[in-house]
Each structure stands twice: as C-alpha cells, then as structure tokens.
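I opened the model to see how its parts are held together. My notes follow in the order I looked things up.

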Amino acid sequence: MRGAHLVHRGGRWRLFVALPGSVAHWPTHYFVGRGVPTVQERSRALTKLGYALTGEAEWSWTEDHERLDDPASPVILIALAPVEPVVGGAS
C-alpha cells in the first residue's frame, strides 16, 4: 500500500510518501514551524508531491521511541494515511 507518513523528529515535521519497492527516492516535504501541520497544510503538501488521500481516508496517529527498546528515549509522533497519485500530478 502506498501511504503518506507524517513524522515529527528532531524538532520538525516531515511528510513523505512511501512507495512500495522503492527506497531510493520517496517524495518528501518538510514543514516550517514547530506546530503540527493542519489537515489543509498536509493536503496541499501532498498535492504538490502529486498525491491525495484515498476516498474518505483519515490520518491515524501513533507514537514510537527515538531509540528502540528504550522507553526513556524521546518520543517520535507518526501519522499515516493511504494515498493515491493525482492524475497529472508530480509523482
């Protein structure tokens, strides 16, 4: 499944589209500012990357730790949503 990932790490937000079978180049957008990017900001960034959320898809949120198996390490916030290419988009 092609999915958009929004990750907060190192004090900034990164949005990227994970493409199955490809790790060499995933379309990526970095947000300016420390606040969580709004749904509209994420949508505009996805459009610029050539993607859109599928149907009625919503973002699901989870958290992880910076260092695996170390619950005292900083938390990484992660959001995921299914996406599809936009016809005529930049993908």
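**Salt bridges**

I started with charge pairs and counted two salt bridges. I was working on a predicted model throughout.

In one of them, the side chains of arginine 9 and glutamate 66 meet at 3.1 Å, N to O. I then checked where the two partners sit. Arginine 9 belongs to strand β1 and glutamate 66 to the loop between β5 and β6, so this pair ties together parts that lie 57 residues apart in sequence. I looked up accessibility next. Arginine 9 comes out at 46%, which counts as partly exposed. Glutamate 66 is at 31% and is also partly exposed.

The side chains of arginine 67 and aspartate 70 form another salt bridge, at 3.3 Å from N to O. Arginine 67 is partly exposed, with 45% relative accessibility. Aspartate 70 has 24%, which still makes it partly exposed.

I noted the general background too: side chains of opposite charge can pair when their charged atoms come close.

**Aspartate 69**

I then asked where aspartate 69 is placed. It is in the loop between β5 and β6. Its phi caught my eye: the value is near 60 degrees, positive in a residue other than glycine. Most residues other than glycine have a negative phi. Is aspartate 69 buried or exposed? Aspartate 69 has 80% relative accessibility, and the cut-off for exposed is over 50%, so I put it down as exposed.

**Strand pairing**

I went through the strands next, beginning with β1 (3-9) and β2 (12-18). Seven bridges join these two strands, and they run antiparallel. Histidine 8 stands opposite tryptophan 13 in β2. The two strands make a hairpin with two residues between them. Glycine 10 sits in that turn and has a positive phi of about 65 degrees.

Which strand does β2 pair with over three bridges? That is β3, residues 28-30, again in the antiparallel sense. Leucine 15 has histidine 29 in β3 as its bridge partner. I also checked how enclosed β2 is. Five of its seven residues are buried, so β2 is largely enclosed by the rest of the structure.

Then I turned to β6 (75-85). I went through its partners one by one.

- β1 is joined to β6 by six bridges, antiparallel. Alanine 4 stands opposite alanine 81 in β6, and histidine 5 has leucine 80 as its bridge partner there.
- β4, residues 51-53, is joined to β6 by three bridges, antiparallel. Tyrosine 51 has proline 85 in β6 as its bridge partner.
- β5 (60-65) is joined to β6 by six bridges, antiparallel. Serine 60 has leucine 80 in β6 as its bridge partner.

I saw leucine 80 come up twice, as a partner of histidine 5 and of serine 60. I kept a general reminder beside these entries: in a regular strand the side chains alternate between the two faces of the sheet.

**Nonpolar core**

How many residues make up the largest nonpolar core? I found 15. Those with the most contacts inside it are Leu6, Leu15, Val17, Leu46, Tyr51 and Trp59. Two or more residues each come from β1, β2, α1 (39-49) and β6. I had already met leucine 15 as the partner of histidine 29, and tyrosine 51 as the partner of proline 85.

**Largest pocket**

I finished with the pockets. The largest has a volume of about 190 Å³. I listed its lining as Val7, Arg9, Arg12, Arg14, Tyr30, Asp64, His65, Glu66, Leu68, Ile76 and Ile78. By class, I get five nonpolar residues, one polar and five charged. β1, β2, β5 and β6 each supply at least two of the lining residues.

Arg9 and Glu66 are both in the lining, and I had them down earlier as partners in a salt bridge. I marked that pair as the place where my charge notes and my pocket notes join.

Conventions:
Residues are numbered from 1 along each chain as its sequence is written. This is a predicted model: local features need pLDDT of at least 70, side-chain atom pairs count only at pLDDT 80 or more; totals for chains, interfaces and linings use all residues. Side-chain values use heavy atoms; hydrogens and water are left out. On a 1 Å grid over the protein atoms alone, a cavity is a set of points where a 1.4 Å probe fits but cannot get out, and a pocket is an open set with protein on both sides within 12 Å along at least five of seven lines; lining residues have an atom within 4 Å of a point. Grid points are joined across faces, edges and corners, and a volume is the space filled by probe spheres set on the points. Helices (H or I, at least four residues) and strands (E, at least two) are DSSP runs, numbered from the N terminus. Ala, Val, Leu, Ile, Met, Phe, Trp, Tyr, Cys and Pro count as nonpolar, Asp, Glu, Lys and Arg as charged, and the others, Gly among them, as polar. Buried means under 20% relative accessible area, exposed over 50%, partly exposed in between (1.4 Å probe, protein chains only). A salt bridge is a side-chain nitrogen of Lys or Arg within 4 Å of a carboxyl oxygen of Asp or Glu. A nonpolar core is a set of buried Ala, Val, Leu, Ile, Met, Phe, Trp, Tyr and Cys residues joined through side-chain atoms within 4.5 Å. Two strands pair if DSSP finds at least two bridges between them.
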